[in-house]
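Visitor: I'd like to learn how to read a fold like this one, feature by feature. Could you walk me through it?

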Amino acid sequence: MEEVVSRREFIKKSTLGAAVLGAGSLGMTARSHASIKGANDKLNVAILGCKRRFNATIGDIAKISNVKVHTICDVNQINLDAALLKAEENLGYGPKSAKDLRKVVENKEIDAVFVLLPDHWHAYASYLALNNGKHVYVEKPCSHNLAESEMFQIWKDKFGKVIQMGNQQRSAPETIDL
């Protein structure tokens with residue numbers, strides 16, 4: 001059975017982890033509320049990167065009926081082809097594909113971006129997405145140094161978008177049991 005989640009609820013849930021971890025300042029600002037679509041609208045997302053975290057992410061996205069994976073992007077054609085097959089298997093449709101993340105984040109049809117790229121691309125890809133009006137989910141680490149980390153706070157304030165960093169290891173049952 002598919003889980004139906006409003007766009008508002010999707011964004012609220014994605015920022016909950018940051019609030020619980022004491023990073024609530026990465027949540028929504030008053031300015032970002034104006035850009036939220038109605039509860040019945042589809043949220044179009046793009047996935048940047050098709051390797052390590054892709055399989056788990058695509059499975060979770062597939063459970064939410066009003067989130068559509070618009071585009072999957074990777075520079076490596078072998079990774080991209082495998083991801084497109086996995087996406088169609090999980091989603092029941094084939095998303096568009098791209099090799100250039102700059103073109104993906106410029107697409108006005110896309111509302112949010114999942115940054116699943118290698119670590120050294122996280123801050124750059126997140127900035128490009130935010131600068132193009134997208135909400136961002138970025139895998140850990142969000143940055144490689146303190147300066148990049150501080151930039152995320154500046155970008156959140158400047159662009160008024162949601163930024164969520166994934167910390168699955170912290171919430172995994174095997175980690176909690178330790």
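Guide: We'll go from the overall make-up to the sheet, the helices, the salt bridges and one cysteine. Keep in mind that this is a predicted model.

Visitor: Let's start wide. How many helices and strands are there in the protein?

Guide: The protein has nine helices and six strands. Of its 178 residues, 45% count as buried. For contacts between residues at least 6 apart in sequence, 70% join residues at least 24 apart.

Visitor: Now the sheet. In what order do the six strands come?

Guide: Read across the open sheet and you get β3-β2-β1-β4-β5-β6, with parallel pairing. At the edges sit β3 (96-98) and β6 (163-166), each pairing on one side only. On average, neighbouring strands of this sheet are turned by 20° against each other, direction ignored.

Visitor: How do I read the pairing of a single strand, say β4? Which residues stand opposite each other in β1 and β4?

Guide: Take one neighbour at a time. β1 (residues 43-48) and β4 (residues 112-115) pair in the parallel sense over four bridges. Val-45 stands opposite Ala-112, and Ala-46 is opposite Val-113. With β5, strand β4 again makes a parallel pairing over four bridges. There, Val-115 stands opposite Val-138.

Visitor: And the side chains of β4: which way do they point?

Guide: The general idea is that side chains in a regular strand alternate between the two faces of the sheet. In β4, Ala-112 and Phe-114 point one way, while Val-113 and Val-115 point the other way. Are they buried or exposed? All of them are buried.

Visitor: What about a helix lying on the sheet? Which strands does α3 lie across?

Guide: Helix α3 (residues 54-62) lies across β1, β2 (67-73), β4 and β5 (135-139), and runs at about 155° to β2. For the packing, start from the repeat: an α-helix has 3.6 residues a turn, so residues three or four places apart point the same way. The buried residues of α3 are Phe-54, Thr-57, Ile-58, Gly-59 and Ile-61. They pack against β1, β2, β4 and β5, and also against helix α4 (77-91).

Visitor: Then a pair of helices. How do α6 and α7 cross?

Guide: Look at the axes. Those of α6 (residues 122-131) and α7 (residues 146-159) come within 11 Å and cross at roughly 10°. Angles under 35 degrees count as roughly parallel, so α6 is roughly parallel to α7.

Visitor: Which residues meet there?

Guide: From α6 come His-122, Ala-123, Ser-126, Tyr-127, Leu-130 and Asn-131, and from α7 come Glu-148, Phe-152, Trp-155 and Phe-159. By class, the contact has six nonpolar, three polar and one charged residues.

Visitor: On to charges. How many salt bridges does a search of the whole structure find?

Guide: The basic idea is that side chains of opposite charge can pair when their charged atoms come close. The search finds five salt bridges. One of them joins Arg-53 and Glu-139 at 3.2 Å, N to O. This pair links distant parts of the chain: Arg-53 is in the loop between β1 and α3, and Glu-139 is in strand β5, 86 residues apart.

Visitor: Are those two partners buried or exposed, or somewhere in between?

Guide: Arg-53 is partly exposed, with a relative accessible area of 28%. Glu-139 counts as buried, at 5% relative accessibility.

Visitor: What other salt bridges can I look at?

Guide: Try Lys-156 and Asp-157, whose side chains meet at 2.6 Å, N to O. Here Lys-156 counts as buried at 7% relative accessibility, whereas Asp-157 is partly exposed at 37%. Another salt bridge is Lys-63 with Asp-60, at 3.8 Å, N to O. Asp-60 counts as partly exposed, with 45% relative accessibility.

Visitor: Last stop, the cysteine. Where is Cys-142 found, and which residues is it in contact with?

Guide: Cys-142 is in the loop between β5 and α7. With a relative accessible area of 16%, Cys-142 is buried, because the cut-off is under 20%. Leaving aside neighbours within four places in sequence, Cys-142 is in contact with His-122, Ala-123, Phe-152 and Met-165. Cys-142 and Phe-152 are ten residues apart in sequence and 8.5 Å apart in space, C-alpha to C-alpha. His-122, Ala-123 and Phe-152 also appear among the residues where α6 and α7 meet.

Methods: Residues are numbered from 1 along each chain as its sequence is written. This is a predicted model: local features need pLDDT of at least 70, side-chain atom pairs count only at pLDDT 80 or more; totals for chains, interfaces and linings use all residues. Side-chain values use heavy atoms; hydrogens and water are left out. Two strands pair if DSSP finds at least two bridges between them. Helices (H or I, at least four residues) and strands (E, at least two) are DSSP runs, numbered from the N terminus. Axes are lines fitted to C-alpha atoms, for helices over the stretch in contact, and angles run from 0 to 180 degrees between N-to-C directions. Contact means heavy atoms within 4.5 Å. Buried means under 20% relative accessible area, exposed over 50%, partly exposed in between (1.4 Å probe, protein chains only). A salt bridge is a side-chain nitrogen of Lys or Arg within 4 Å of a carboxyl oxygen of Asp or Glu. Angles under 35 degrees count as roughly parallel, over 145 as roughly antiparallel, 65 to 115 as roughly perpendicular and the rest as oblique. Ala, Val, Leu, Ile, Met, Phe, Trp, Tyr, Cys and Pro count as nonpolar, Asp, Glu, Lys and Arg as charged, and the others, Gly among them, as polar.
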